[in-house]
Amino acid sequence: MTRRGGPRIQNAFVVLSDLHFGNDLYESPTTPLLNVSLPNFGISEERVTRFFEDRCRGHFAPCVKRLPRYLRQLLWQLREDGFPGDKLDLLILLGDQSTLASASSYRFLREYVSQTEYETRDGDGVFGCSGLGFRSPDVLAIPGNHDKLLRKNLSLYNDEFTRKLDLAEQVEPQRCTIAVRRFGAREFIFILIDPSTYCVEDLTIEKDCRSHLAAGNVGKNLVEDVRTKLMFLKDYGQLDADVKLATGFSSAMKVLLVHYAVDETRFRSGLDELLLPHGCAGLGELVELLRKDFQLSMVLHGHLHVPLLYNYNGVQVISASTATRVDENRKTGFFLIKVFDTGAVIAEHHLWTGIAYTPDPDKALTREVGYFPEARVPAA
Amino acid sequence: MASAETTQPDATSSVIRLMKHQAEGILCEGLLTGETRAGFEALLGTARDKDPVLSRAGAGSLLIGKASDKEFIAQVATRLTHDLEAVFWVEMGEQLIRNTSCKFAGFGEFKRFDLRVSFIPELLSDRPTIPSVASAEAVPNFAIDALCRVILERLRAEIRDQGAALASLPALASELLIGELGAIFPVLFPPAKDAFHYFASAAALASYYAWVAAFDATILRNFPVGVKDVGSFTLVPGPTSRVDFVADREFEELIRCNVQPDLPHERIPPMAAA
């Protein structure tokens with residue numbers, strides 16, 4: 001517990017990844033089933049089929065119901081430890097918000113994210129739960145491979161989720177969006193990118209599906225987009241009227257938000273990876289470029305459903321697991337990121353035990369992950 | 001906005017209705033294994049939405065054909081018990097936060113007085129038969145409910161006669177459910193197009209009955225029943241037996257932080273305050 005005289009928590013962000021929401025709260029994790037005929041893939045047919053069965057599972061309703069209650073409990077504890085806010089400062093969604101992009105799953109998600117109560121009904125009666133109750137300006141979201149699964153673009157995701165939730169930052173395929181958030185004397189530059197690859201026609205599986213079902217690729221356009229925008233922000237202190245820095249570029253903490261893993265070699269993959277790639281070509285190089293030219297401090301990613309804190313060539317990487325889906329032999333959970341007045345940034349992992357969320361006893365998943373550059377901005 | 005759940009008299013219906021949806025998915029997964037896999041995949045490939053597939057006679061026939069498969073039944077029962085455990089305890093916490101009480105038919109009632117939670121058991125052994133928990137909106141056929149209870153009575157009698165040490169609550173519930181589904185599924189002959197609906201309803205009801213019967217059997221053997229992250233139950237025998245419930249600290253914290261409308265101020269350590 002933080003005591004007076006000791007470090008005080010100034011800001012707190014919750015990082016949720018791979019929510020894999022189904023069409024509604026009550027829908028079982030197995031549904032929706034993807035009803036798409038598979039062409040003959042030869043050796044990988046079985047694996048591709050398994051991908052749809054295993055990876056297209058949806059949220060587990062008890063997790064979804066309990067999560068807002070647990071976040072309220074964490075907020076209480078933060079307050080008792082000296083946190084000055086009356087809400088968590090930021091909700092960061094790292095992709096795969098929906099398990100199979102659909103209007104109904106995004107309606108469910110946006111109401112759950114933005115409302116304090118969510119209510120729905122099936123043919124037999126009413127279901128309900130608490131919602132997360134975040135205001136739109138306090139939500140940052142990037143899409144994952146499931147948010148465009150078998151889609152040729154992000155139209156459905158952006159139409160049904162980003163715009164209807166009124167998020168300020170919208171990410172487009174192979175493009176980046178810059179978000180600046182200021183909390184008291186500190187500024188964060190969030191770099192939101194979508195390096196996914198896309199299919200040619202909606203809801204069709206072609207022979208090249210291995211390249212886009214679960215994998216990404218950082219294309220030249222994306223690299224150029226990131227570089228141009230950050231260069232502009234660095235040189236001029238603003239991109240437009242809404243995206244501008246109150247302090248110098250070097251004083252802000254730069255955080256990359258991406259769905260795919262920066263360093264896959266950190267994760268056990270096995271035969272699945274050979275037959276159905278989950279990697280993202282060029283992402284490591286992009287991180288390296290951002291570190292050298294733009295002082296990138298941290299990367300947050302999801303995708304592999306494995307919580308991990310690791311270092312990639314001097315950049316701290318936080319790999320978030322799925323927050324609301326239950327996979328066999330994997331941890332379900334999320335990170336809370338705390339920023340202290342000393343400048344220290346701590347990541348704290350919380351996991352689902354099968355009945356409840358609780359602080360993760362694995363100490364390797366709760367530790368300092370960064371240090372804020374010296375604050376020079378007067379508090380607002 | 002007040003949830004409609006706040007007006008419900010007890011949590012039984014919520015749990016069974018959610019379990020019916022869970023069961024539907026688990027049955028789907030079951031069809032994607034073994035001999036039914038190819039046939040079910042072919043059906044999936046012809047529809048955009050799950051509902052038309054599950055209400056098709058072809059899918060129902062596959063399910064009816066698989067209803068006697070012991071491996072299938074064991075897998076379904078294990079998954080259902082796992083899911084029910086989470087659904088049950090999360091619902092209990094939710095109702096205590098919203099309503100100050102949470103009643104589960106055939107199990108008992110939790111009551112919250114300020115932040116302290118007590119439990120009034122509904123010991124099944126005190127009753128001649130297992131009471132029905134079916135509600136009109138949740139069950140398609142009351143015959144399924146009656147069948148579940150008749151079969152469970154027989155299984156409960158077997159447990160009483162065994163006299164051996166009992167497994168944990170979830171393990172015993174799973175064992176009871178395997179026995180229940182093994183007896184119920186093969187004798188359900190619904191119209192093929194309604195098969196998923198009937199089997200899911202039967203699975204939801206049976207899993208609930210198995211759960212409350214397992215709790216009753218475990219607690220009556222005087223075993224404390226510990227539920228991690230919730231609390232522990234201990235039978236206090238007497239002319240009118242009671243069950244003491246002691247909530248885990250984390251559970252108490254969850255309740256405390258969610259029932260009080262205002263956020264707390266910073267804790268001031270004694271030295272600093274002085």
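These exercises with worked solutions explore a predicted model.

**Exercise 1. Overview of chain A**

Task: State how many helices and strands chain A has, and what share of its residues is buried.

Solution.
- Step 1. Start with the secondary structure. Chain A has seven helices and 17 strands.
- Step 2. Turn to burial. Chain A has 380 residues, and 49% of them count as buried.
- Step 3. Add the contacts. Take those in chain A with a separation of 6 or more: 69% of them join residues 24 or more positions apart.

**Exercise 2. The two sides of a helix**

Task: Find which residues of helix H7 of chain A are buried, and say where they lie around the axis.

Solution.
- Step 1. Locate the helix. H7(A) covers residues 283-294, twelve residues in total.
- Step 2. Check its length. From first C-alpha to last, H7(A) reaches 15 Å, close to the expected 16 Å.
- Step 3. List the buried residues of H7(A). They are Leu283(A), Leu286(A), Val287(A), Leu290(A) and Phe294(A).
- Step 4. Look down the axis. These residues cover an arc of only 100°, so they sit on the same side of H7(A).
- Step 5. Recall the helix geometry. An α-helix has 3.6 residues a turn, so residues three or four places apart point the same way.
- Step 6. Go to the other side of H7(A). Glu285(A) and Lys292(A) are exposed there.
- Step 7. See what covers the buried residues. The cover includes helix H5 (220-236) and strands E9 (253-257), E10 (280-281), E11, E12 and E13 (315-319) of chain A.
- Step 8. Step past the helix end. Gln295(A), just after H7(A), has a positive phi of about 55°.

**Exercise 3. A helix in the other chain**

Task: Decide whether helix H7 of chain B is largely enclosed or largely open.

Solution.
- Step 1. Locate the helix. H7(B) runs over residues 169-184 and has 16 residues.
- Step 2. Check its length. H7(B) reaches 22 Å, close to the 22 Å expected.
- Step 3. Use the burial count. Twelve of the 16 residues are buried, so H7(B) is largely enclosed by the rest of the structure.
- Step 4. Name some of them. Among the buried residues are Leu169(B), Ser174(B), Glu175(B), Gly179(B), Glu180(B) and Ile184(B).

**Exercise 4. Positive phi outside glycine**

Task: For His303(A) and Asp229(B), give phi, location and burial.

Solution.
- Step 1. Set the background. Most residues other than glycine have a negative phi.
- Step 2. Take His303(A). Its phi is positive, near 85°.
- Step 3. Place His303(A). It is in the loop between strands E11 (296-301) and E12 (308-312) of chain A.
- Step 4. Judge its burial. His303(A) has 29 C-beta neighbours inside 10 Å, so it counts as buried.
- Step 5. Take Asp229(B). Its phi is positive too, near 75°.
- Step 6. Place Asp229(B). It is in the loop between strands E4 (225-227) and E5 (231-236) of chain B.
- Step 7. Judge its burial. Asp229(B) has 18 other C-beta atoms within 10 Å, so it is partly exposed.

**Exercise 5. A sheet and a hairpin in chain B**

Task: Give the strand order of the open sheet that contains E4 and E5 of chain B, then describe the hairpin of E1(B) and E2(B).

Solution.
- Step 1. Read the order. It is E4-E5-E6, with antiparallel pairing.
- Step 2. Find the edges. E4 and E6 (242-247) each pair on one side only.
- Step 3. Note the angle. Neighbouring strands of this sheet are turned by 15° against each other on average, direction ignored.
- Step 4. Inspect one pair. Three bridges join E4(B) to E5(B). Gly226(B) is the bridge partner of Ser232(B) in E5(B).
- Step 5. Move to the hairpin. Four bridges join E1(B) to E2(B), residues 108-113, and the two run antiparallel. Lys103(B) has Glu109(B) as its bridge partner.
- Step 6. Look at the turn. Three residues lie between the strands, and Gly106(B) takes a positive phi near 80°.
- Step 7. Split the faces of E1(B). Cys102(B) and Phe104(B) form the covered face, Ser101(B) and Lys103(B) the uncovered one.

**Exercise 6. The nonpolar core**

Task: Name the residues of the largest nonpolar core that touch the most other members.

Solution.
- Step 1. The core has 192 residues, and the answer is Val15(A), Leu91(A) and Leu257(A).
- Step 2. Find the largest share. Helix H8 (residues 195-220) of chain B gives 21 residues.
- Step 3. Follow Leu257(A). Beyond its neighbours within four places in sequence, its contacts include Ile92(A), Leu140(A), Phe190(A) and Leu300(A).

Notes
Residues are numbered from 1 along each chain as its sequence is written. Chains are lettered from A and ligands numbered from 1 in the order in which they are written. This is a predicted model: local features need pLDDT of at least 70, side-chain atom pairs count only at pLDDT 80 or more; totals for chains, interfaces and linings use all residues. A residue is buried if 20 or more other C-beta atoms lie within 10 Å of its own, exposed if 12 or fewer, and partly exposed in between; C-beta atoms are placed from the backbone. Two strands pair if DSSP finds at least two bridges between them. Axes are lines fitted to C-alpha atoms, for helices over the stretch in contact, and angles run from 0 to 180 degrees between N-to-C directions. Two residues are in contact if their C-beta atoms, placed from the backbone, lie within 7 Å. The expected span of a helix is 1.5 Å times one less than its number of residues. The arc is that of the directions from the helix axis to the C-beta atoms. A nonpolar core is a set of buried Ala, Val, Leu, Ile, Met, Phe, Trp, Tyr and Cys residues joined through C-beta atoms within 7 Å.
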